[in-house]
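Here's a quick briefing on the fold you're about to look at. Have the viewer open as you read, and follow along topic by topic.

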Amino acid sequence: MNNCIIKTDDRFIVFKENNRVFKVNNQRYKELVKYYIDKCLIENIQNQKACDYGLKNDKNFYFIELKGKNIIQACKQINQTIDYFYKYHKDDIQENVLMAIIISTKNSVPKLKSDPYYLKLSKKVNSIKIKSKILEISI
């Protein structure tokens with residue numbers, strides 16, 4: 001593994017950027033894999049958008065985007081990241097349920113569920129969670 005992909009069994013895993021936080025409570029101290037995706041795992045590929053982070057446990061792979069207010073752009077970034085993973089890191093995701101996590105400063109987007117990027121993402125993942133500023137989950 002390189003420094004873009006890190007195994008951890010920490011109790012709390014926190015992804016934070018500009019007052020947007022995704023916090024994971026790893027209650028059973030299971031081994032998780034953290035992916036630093038944007039500008040690390042996926043760096044400087046022309047026209048390639050990428051979400052910020054990934055997190056994998058034994059069941060799920062979470063694609064995480066900490067975004068300002070452009071949720072449509074976040075959907076586009078996660079879509080392209082999933083495509084990239086299917087092409088270059090298929091073994092990392094093929095056995096997992098895919099989840100999209102978007103944490104934004106503002107999450108009111110009119111007609112989001114009819115946007116083509118949202119619809120495309122909804123076909124690739126089992127769940128899309130969009131929250132304002134902070135989301136905490138237990139796994």
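## Briefing

Let's start inside a helix: Thr81 sits in α1, which covers residues 71–88. Keep in mind that this is a predicted model. From Thr81 we'll go out to the helix, then the sheet, the cysteines and finally Met99.

**Thr81 and its helix**

- Thr81 has 0% relative accessibility, so it counts as buried, the cut-off being under 20%.
- Setting aside neighbours within four places in sequence, Thr81 touches Ile37, Ile42, Gln48, Lys49, Ala50, Cys51 and Phe63.
- Helix α1 has 18 residues and spans 25 Å from its first C-alpha to its last, close to the 26 Å expected at 1.5 Å a residue.
- Thr81 has company: the buried residues of α1 also include Ile71, Ala74, Cys75, Gln77, Ile78, Asn79, Ile82, Tyr84 and Phe85.
- As a reminder on helix geometry, an α-helix has 3.6 residues a turn, so residues three or four places apart point the same way.
- What do the buried residues of α1 pack against? Their partners are β4, β6, α2 (90–93), β7, α3 and β8.

**The sheet and what lies on it**

- Six strands make up an open sheet with mixed pairing, and the order is β1-β4-β5-β6-β7-β8.
- The edge strands are β1 (5–8) and β8 (127–132); each has a single partner strand, so one side of each has no neighbour in the sheet.
- From one strand to the next, the twist averages 20°.
- Helix α1 packs on this sheet, where it touches β4 (32–36), β6 (60–67), β7 and β8, and its direction makes about 145° with that of β6.
- Strand β7 (residues 97–104) pairs with β8 in the parallel sense, over six bridges.
- If you want a spot to click on, Ser104 stands opposite Ser132 in β8.
- Helix α3 (residues 116–124) lies across β7 and β8, and runs at about 125° to β8.

**Cysteines**

- How many disulfides does the structure hold? There is one.
- Cys4 and Cys40 form a disulfide, with their sulfur atoms 1.9 Å apart.
- The torsion about the S-S bond of Cys4 and Cys40 is about -90°, which makes the disulfide left-handed.
- Cys4 lies in the segment before β1 and Cys40 in the loop between β4 and β5 (53–56), so the pair ties together parts that are 36 residues apart in sequence.
- Is Cys4 buried or exposed? At 6% relative accessibility, Cys4 counts as buried.
- Cys51 is in no disulfide, and the nearest cysteine sulfur, that of Cys75, is 11 Å away.
- Cys51 is buried, at a relative accessible area of 0%.
- Cys75 is in no disulfide either, its nearest cysteine sulfur being that of Cys51, 11 Å away.
- Cys75 is buried too, with a relative accessible area of 0%.

**Met99**

- Met99 belongs to strand β7.
- With a relative accessible area of 12%, Met99 is buried.
- Where Met99 and Val125 are concerned, 26 residues separate them in sequence, yet their C-alpha atoms are 5.3 Å apart in space.
- Leaving out neighbours within four places in sequence, Met99 is in contact with Asn60, Phe61, Tyr62, Phe63, Val125, Asn126 and Ser127.
- One residue to pick out is Phe63, which is among the contacts of Met99 and also among those of Thr81.

Methods. Residues numbered from 1 in each chain as written. Predicted model: local features only at pLDDT ≥ 70, side-chain atom pairs only at ≥ 80, totals over all residues. Heavy atoms only, no water. Helix = DSSP H or I, 4+ residues; strand = E, 2+ residues; numbered from the N terminus. Buried < 20%, exposed > 50% of the residue type's maximum accessible area, 1.4 Å probe, protein only. Contact = heavy atoms within 4.5 Å. Pairing = 2+ DSSP bridges. Axes fitted to C-alpha atoms, helices over the stretch in contact; angles between N-to-C directions. Expected span 1.5 Å × (residues − 1). Disulfide = S-S within 2.5 Å.
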